[in-house]
Amino acid sequence: MKKYGFGVDVGGTTCKIGLFETTGKLLDKWEIPTDTSENGKNILDNVAKALKERMAADGIGKEEVQGIGIGIPGPVNGKGEVSMCVNLGWGRVAVAEELTDKMDGIPVKAGNDANVAALGEMWQGGGKGYEDMVMVTLGTGVGGGIIVGGKVVAGSHGAGGEIGHITMNPHETSSCGCGRKGCLEQYGSATGLARMAKEAQKKEHEASALDGIEEPTAKDVFDAYKAGDALAAEVVDKFASVLGRGLSKISCVADPEIFVIGGGVSKAGQPLLDVLQKAFEKEAFPGCKGTKFALATLGNDAGMYGCVQLILE
């Protein structure tokens with residue numbers, strides 16, 4: 001095993017880059033802008049330039065680098081190819097092959113950003129010590145990463161782990177961002193929680209801390225819930241019920257040892273885990289009721305860690 005590895009987490013606005021020892025120690029991290037002009041044609045060139053500059057500045061030779069892992073906000077197949085990535089303006093791009101060429105032969109592996117975040121949490125975060133894990137990211141949507149036997153389940157189209165698009169309500173009339181209706185992320189995300197809070201405000205209820213908030217956020221709801229607010233409790237119970245049912249479906253297929261919960265909603269902490277685990281156990285197949293729940297610990301660095309784990313597989 002060589003001494004160094006780089007993790008590159010490509011987002012729509014910035015690329016987060018980490019220099020690691022292959023033991024898992026993060027030595028340094030920095031960001032560069034993601035240039036999405038001209039259909040993102042300069043993104044990989046800019047990444048290669050940033051990596052070469054750091055290697056030169058630190059006196060790191062390419063013979064000391066185990067490889068480069070890169071996370072992409074879209075489906076990535078087993079060859080490290082993207083068929084389309086709207087956030088970057090990309091059509092079909094052979095990410096791993098192109099970046100390897102630009103880096104003078106240093107090996108590159110590419111993965112979906114949610115999947116590599118899951119790998120990062122398994123390696124050095126909330127899922128450390130487990131090899132069968134599902135990462136659940138509760139943000140604007142519901143992201144996921146499924147790991148079985150220590151390896152990401154990406155699927156034949158790179159869409160493995162798209163847990164936010166499990167259909168939970170076939171009678172839903174509003175559309176999900178994916179174009180379908182009734183997806184898990186319409187209810188189990190920060191956006192979904194806020195939407196349910198607004199709907200609850202319109203119904204008859206006792207006085208609530210949420211009454212004076214025109215556009216309640218997930219944080220507002222959980223703050224009120226922790227303070228014992230009855231309306232917030234009703235909303236959180238509904239949120240957890242749908243999300244717990246969705247995770248129970250996943251457990252019947254992947255049977256993880258642990259669900260690791262990340263994303264903005266996870267800042268609610270232990271109260272979120274408690275209500276979610278209770279809802280999950282109510283719905284879960286008997287053999288899966290013992291599945292553990294934990295909070296993610298790496299935050300925005302999870303993707304960089306997971307990118308390095310990719311090259312260590």
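No disulfides were found in a search of the whole structure, which is a predicted model. A disulfide is a covalent bond between the sulfur atoms of two cysteines. For assignment, the two sulfur atoms must lie within 2.5 Å. The sulfur of Cys15 has its closest cysteine sulfur in Cys307, at 11 Å, and therefore cannot form a bond, the separation being too far. From the side of Cys307, the closest cysteine sulfur is that of Cys15, again at 11 Å and too far for a bond. Both residues were also examined for accessibility. Cys15 has a relative accessibility of 1% and so counts as buried; Cys307, at 0%, likewise counts as buried.

An open sheet is built from five strands in the order 3-2-1-4-7, and its pairing is mixed. Strand 3 (26–33) and strand 7 (108–112) form the edges, each pairing on one side only. From one strand to the next, the twist averages 20°. Within this sheet, strand 1 (residues 4–10) and strand 2 (residues 14–21) run antiparallel and are joined by seven bridges. Tyr4 stands opposite Glu21 of strand 2.

Helix 4, comprising residues 113–124, packs on the sheet. The strands touched by helix 4 are strand 1, strand 4 (65–72) and strand 7. The direction of helix 4 makes an angle of about 105° with that of strand 7, one of the two edge strands.

Notes: Residues are numbered from 1 along each chain as its sequence is written. This is a predicted model: local features need pLDDT of at least 70, side-chain atom pairs count only at pLDDT 80 or more; totals for chains, interfaces and linings use all residues. Side-chain values use heavy atoms; hydrogens and water are left out. Buried means under 20% relative accessible area, exposed over 50%, partly exposed in between (1.4 Å probe, protein chains only). Two strands pair if DSSP finds at least two bridges between them. Helices (H or I, at least four residues) and strands (E, at least two) are DSSP runs, numbered from the N terminus. Axes are lines fitted to C-alpha atoms, for helices over the stretch in contact, and angles run from 0 to 180 degrees between N-to-C directions. Contact means heavy atoms within 4.5 Å.
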